[in-house]
Amino acid sequence: MAFGDGPADDELRAAWHRLCESLRAAGDLAFKEANPADPILRADAFRFLTQNLGQAFDLALETKDPAYPQLHPFCTPTRKLGGDVADFTYRQAWIDGAHEYRITGRRGTARWLNITVQGPRPEQIPGTDWPSLHEPFGDIPESNVFGHQIHTDAAGNFELTVGGARQDSNWLPTTPGSRKLFIREAFDDWYETPTTMSIERVGMTEPRPVPTADQVTTAMDWAGEFLTGVMRDWPEHPWRYSGGVCDPAHLNAFPPHKAADTASDEKRGRTAAHMVWRLEPDQALIVEMDNHDGFWIFGMGGVFGNSMDFLYRPVSYTPARTTVDADGVVRLVLCHDDPGVHNWLDTQGFSDGNLTYRNLLNKSGARLRTRVLPRQDLLAALPADTVMVTPAERQRQMHDRYRSVKLRYGL
């Protein structure tokens, strides 16, 4: 049998050629103006693209049928998306409002969990003429439940119903426009355990049908749009359309007033602020925040907003893993080499990147202060009681991070 002998041959080959052209266009965006010409950053852009190529068809085809839902992990230590933050895990499942679903699982010890039903994805951000973020994002939260609101048995086991008839507890309503579940879990102390979950459609009696040629064709087009969207929208989309993000016109500073605390953000369970940073080899940057109650996370990202190497490197801090100075101030240090400061954020050799602040339990009034200074003046600029670490202690931190992250992902 050769090409042309099958009735779907033309359709499938044309779709594959479109996908290849989309990949070509997506690859060209590695050289966009927002990405510095340093070879390590150009390479990271292609790594970002290939990591998402690896999950494109999980999203576009293998888990796409809402009658046969599966939880898909967006991000892992070897797969990143724009805006992902170390110390979070991200999962999604395609659903719809016509079915009822059952999630069974066991609650772990992670400090924070949020399960959200997402509704339709508008072409424009509601109330604006701004385009929505690329698929599968940009959809609107409809309902959510936090981990502390889920009733479990003594061992932490639970069952959560999504859709169907109203229930008194452990229930998430859906609408005719509901299209996915978005599940985020956040970890504070080392060795906290993840929540295990599985989803199924209530009333499933037959195996999932084998994908048709039309479905595979549609999936190839979706995957191509996803990959070009990933490379097109990051990092410029949040610069232009999010009030919680500063852009390169305001380097090395957080926005003076965090705006990422809308009603949708409340359902997502967080407020957020983002800083675009740039450091010369002989510079350092100090971030200061008055210590406050709640659960906050600082996480380093690359140029495209993709989280840095959180498996091996100190690129994120949470309350349980951060030292606070005697004056009640949290001070984090960004620089290219290890200064021996406990709260060091490793740039992993990048000249440019992002730093994200997330607050998950309350809308704090945190004001994030920054200052850039010569690297040689760093230690003199810090309080005398700044907690330092030895090389052996830094290695222990690395091993704790490595083992804890593997625990979160079952690696």
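Both faces of strand 14 are covered, with Val-329, Arg-331, Val-333 and Cys-335 buried on one side and Val-330, Leu-332 and Leu-334 buried on the other. This strand, running over residues 329-335, is thus a convenient place to enter the predicted model. Seven of its seven residues are buried. Its partners can be named as well. Strand 11, made of residues 283-290, pairs with strand 14 in the antiparallel sense over seven bridges. Within this pairing, Arg-331 of strand 14 has Glu-288 standing opposite. Strand 15, residues 344-346, pairs with strand 14 in the parallel sense, here over three bridges. In that case Val-333 stands opposite Trp-344 of strand 15. Strand 14 therefore takes part in both kinds of pairing, antiparallel with strand 11 and parallel with strand 15, and strands of a sheet pair in either sense through backbone hydrogen bonds.

Stepping back to the whole chain, the protein contains seven helices and 17 strands. How does the radius of gyration compare with that of a compact globule? For 411 residues, such a globule would have a radius of gyration near 22 Å, and the protein, at 22 Å, agrees with this. The C-alpha trace spans about 75 × 55 × 45 Å along the principal axes. Of the 411 residues, 52% count as buried. Contacts that reach across the sequence are well represented: among those with a separation of 6 or more, 77% are between residues 24 or more positions apart.

The surface and the charges complete this overview. About 18,200 Å² of the protein is exposed, and carbon and sulfur atoms supply 53% of that area. The side chains include 43 positive and 55 negative ones, and the centres of these two sets lie 3 Å apart.

A further group of strands can be traced next. Four strands form an open sheet in the order 10-16-12-13, with antiparallel pairing. Its edges are strand 10 (271-278) and strand 13 (316-317), each of which pairs on one side only. Inside the sheet, strand 12 (residues 296-301) and strand 16 (residues 352-359) pair in the antiparallel sense over six bridges. One of the residue pairs to look for is Met-300, whose bridge partner in strand 16 is Leu-355.

Two individual residues illustrate how distant parts of the sequence meet. Thr-89 lies in strand 2, residues 88-94. Is Thr-89 buried or exposed? With a relative accessible area of 7%, Thr-89 is buried, because the cut-off for that class is under 20%. Leaving aside residues up to four places away in sequence, Thr-89 touches Ile-183, Arg-184, Glu-185, Phe-187, Arg-408 and Tyr-409. The second example, Leu-53, lies in helix 2, which covers residues 39-62. At 34% relative accessibility, Leu-53 counts as partly exposed, since that class falls between the 20% and 50% limits. With residues up to four places away in sequence again set aside, Leu-53 touches Leu-23 and Leu-227. Leu-53 and Leu-227 are 174 residues apart along the chain, yet their C-alpha atoms are separated by 6.9 Å.

The backbone also holds a few details that a computational chemist may like to inspect. Which residues are joined by cis peptide bonds? One such bond joins Glu-135 and Pro-136, with omega about 0 degrees. Pro-136 has its place in the loop between strand 4 (112-118) and strand 5 (141-146). Another cis peptide bond runs from Trp-234 to Pro-235, with omega near 0 degrees. Here the proline, Pro-235, sits in the loop between helix 3 (213-233) and helix 4 (236-241).

Positive phi values form the last topic. Asp-87, although not a glycine, has a positive phi of about 80 degrees. Asp-87 belongs to the loop between strand 1 (72-73) and strand 2, and counts as buried at 1% relative accessibility. Asn-170 likewise is a residue other than glycine with a positive phi, in this case near 50 degrees. The loop that holds Asn-170 lies between strand 6 (157-162) and strand 7 (171-172). With a relative accessible area of 12%, Asn-170 is buried.

Definitions and conventions
Residues are numbered from 1 along each chain as its sequence is written. This is a predicted model: local features need pLDDT of at least 70, side-chain atom pairs count only at pLDDT 80 or more; totals for chains, interfaces and linings use all residues. Side-chain values use heavy atoms; hydrogens and water are left out. Helices (H or I, at least four residues) and strands (E, at least two) are DSSP runs, numbered from the N terminus. The radius of gyration is taken over C-alpha atoms; the globule rule is 2.2 Å times the number of residues to the power 0.38. Buried means under 20% relative accessible area, exposed over 50%, partly exposed in between (1.4 Å probe, protein chains only). Contact means heavy atoms within 4.5 Å. Accessible areas come from the Shrake-Rupley method with a 1.4 Å probe; for residues, only the protein chains shown count as cover. Lys and Arg count as positive and Asp and Glu as negative; His and the chain ends are not counted. The place of a charge is taken as NZ of Lys, CZ of Arg, CG of Asp or CD of Glu. Two strands pair if DSSP finds at least two bridges between them.
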